[in-house]
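Me: I should like to understand how the descriptive terms used for this protein are justified. Please set each term against its criterion.

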Amino acid sequence: MAKKRPQTKAKRPQVTGGAHAAGTAGEIPVVGAREPCPCGSGRRYKACHGRAAAHAATELVHRPFEGLPGECDWVALRELVPAATAELTLKDGLPEGVPTVTLATVLPMAWPALRRDDGSVLIGLQNDTASGDISRDLADTLRRALEAEPGTPVQGRRAPADGPRLQDLLDAEAPLEPVVHEGFEFWVPDAENASPEVAASLERANAAAIPTVKLSGVDAAYWCETPEKNHLRWVMPHPEEQLLDALARLHAAGRSSLGEGTRLVGSFRAHGLTVPVWDLPSGVGAEDVEKPAAEFAERLAAALAAQEPLTPDERRARGGLTNRQVTLS
């Protein structure tokens, strides 16, 4: 069972000067916890203005990708998909010398970002973040990557508590179109000439990657293969309570499967969205569930529209689904 964390809405605290040094005003830069505070107080940052930043870091933004096109796919790429990329479109266009910005599930050596020799930027999505707002941490990494020297990785840091979020930097009209890869060769243009460290990281990542395919007929549904059985994990945008009611109605009616031998077994809760999970027989591939998934989407739409109270059988089905729900974030 994944550890549950408090899901309070994060505020945007303003960290300003003037409290400890006369004549100091404006924003106080974020520095290392043990470094002297830039306000000039003579105290370490963590004991001075870093306290407000540390408080902000304990507050979790419930839906960090809300408002971004493809929110469900952002969640899937963050939590479920081993190897995938998606081109990002910046609201203000690309800076000179940056031909592309690409979101990646993970980068070699767990780098938060990489500015390639040709100036293109890769941003890693599955890295640990320092605050409770993944969107703000990623936006800070993106801004620094755009300014990094070509051929250098970008290291992690704590983002300023009042810094921009991805929603402030990305074009809200540009769709997110993930491309799922079999391995991580997209890390380097020429894998044969990669450095020994990157080559070793690539080999380890490829060995651990679970085969995954994005369904084409429905949104944000991902088939994956494991040694024991296959699964379909489907990130859905509907409010959790409404979705669980709808799934319970279908489950009680025997209409929640995706075909013979398949079974709805529960769900994840990730970044404010619910992710139903089906067990599939090992012989059932991604192409085999395309049509059943599309048909299920139609049944689900009807169940979501239902207004009548749950029956006793449906309440029992809902309780079973709720008991098997796991929180990832």
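Reply: A strand is a DSSP run of type E with at least two residues, and strands are numbered from the N terminus. Lys214 has its place in strand E7, which comprises residues 212–214. The model discussed here is predicted.

Me: Why is Lys214 called partly exposed?

Reply: Buried requires a relative accessible area under 20%, and exposed requires one over 50%. Lys214 has a relative accessibility of 25%, and therefore counts as partly exposed.

Me: With which residues is Lys214 in contact, apart from its neighbours within four places in sequence?

Reply: Contact requires heavy atoms within 4.5 Å. Lys214 has such contacts with Asp73, Pro178, Val180, Ala220, Ala221 and Tyr222. In addition, the C-alpha atoms of Lys214 and Val81 are 9.1 Å apart, although 133 residues separate the two in sequence.

Me: What makes helix H2 mostly covered?

Reply: Of the 9 residues of H2, which spans 71–79, 8 are buried. The buried residues are Glu71, Cys72, Asp73, Trp74, Val75, Ala76, Leu77 and Arg78.

Me: How do you know that helix H3 is largely enclosed by the rest of the structure?

Reply: The count of buried residues is 11 of 14 in H3, and so the helix is described as largely enclosed. Among the buried residues of H3 are Ile134, Leu138, Leu142 and Leu146, together with the charged-type names Arg136, Asp137 and Asp140. The elements that cover them include H2, E2, E3, E4, strand E5 (152–154) and helix H4 (166–169).

Me: Why is the span of H3 said to agree with expectation?

Reply: At 1.5 Å a residue, its 14 residues should span 20 Å, and the end C-alpha atoms of H3 are 20 Å apart; therefore the two values agree.

Me: What can be said of the span and surroundings of helix H6?

Reply: H6 covers residues 240–252, and its 13 residues reach 18 Å from the first C-alpha to the last, close to the expected 18 Å. Its buried residues are Leu243, Leu244, Ala246, Leu247, Ala248, Arg249 and Leu250. These pack against strands E10 (263–270), E11 (273–280) and E12 (325–327), and against helices H7 (290–305) and H8 (312–323). Just after H6, Gly254 takes a positive phi of about 70°.

Me: Why is His271 called buried?

Reply: The criterion for buried is a relative accessible area under 20%. The value for His271 is 6%, so the residue is buried. His271 lies in the loop between E10 and E11. Its phi is near 55°, a positive value in a residue other than glycine.

Me: What makes a positive phi worth noting in such a residue?

Reply: Most residues other than glycine have a negative phi. Ala110 also has a positive phi, near 60°. This residue is in the loop between strand E2 (101–104) and strand E3 (113–115). With a relative accessible area of 49%, Ala110 does not pass the cut-off of over 50% for exposed, and is therefore partly exposed.

Me: Why is Asp128 called exposed?

Reply: The relative accessible area of Asp128 is 79%, which is over 50%, so the residue is exposed. Asp128 is found in the loop between strand E4 (121–124) and helix H3 (134–147). Its C-alpha atom is separated by 8.7 Å from that of Pro112, 16 residues away along the chain.

Me: Is Ala161 buried or exposed, and how do you know?

Reply: Ala161 has a relative accessibility of 10%, which is under 20%, and therefore counts as buried. Ala161 lies in the loop between E5 and H4. The C-alpha atoms of Ala161 and Ser131 are separated by 8.4 Å, with their positions 30 residues apart along the chain.

Me: What lines the largest pocket?

Reply: The lining consists of 15 residues, of which Leu114, Arg116, Asp117, Val188 and Pro189 lie nearest the centre. The lining divides into 9 nonpolar, 3 polar and 3 charged residues. The volume of the pocket is about 300 Å³.

Me: How much confidence does the predictor assign to the chain?

Reply: The mean pLDDT is 88, and 87% of the residues reach 70 or more. Over residues 1–26, however, the pLDDT is below 50, although this stretch has 62 contacts in the model beyond near neighbours in sequence. Where pLDDT is low, the predicted coordinates should not be read in detail.

Notes:
Residues numbered from 1 in each chain as written. Predicted model: local features only at pLDDT ≥ 70, side-chain atom pairs only at ≥ 80, totals over all residues. Heavy atoms only, no water. 1 Å grid on protein atoms, 1.4 Å probe; cavity = no way out; pocket = protein on both sides within 12 Å on 5 of 7 lines; lining within 4 Å. Points joined across faces, edges and corners; volume = space filled by probe spheres on them. Helix = DSSP H or I, 4+ residues; strand = E, 2+ residues; numbered from the N terminus. Expected span 1.5 Å × (residues − 1). Buried < 20%, exposed > 50% of the residue type's maximum accessible area, 1.4 Å probe, protein only. pLDDT = per-residue confidence, 0-100.
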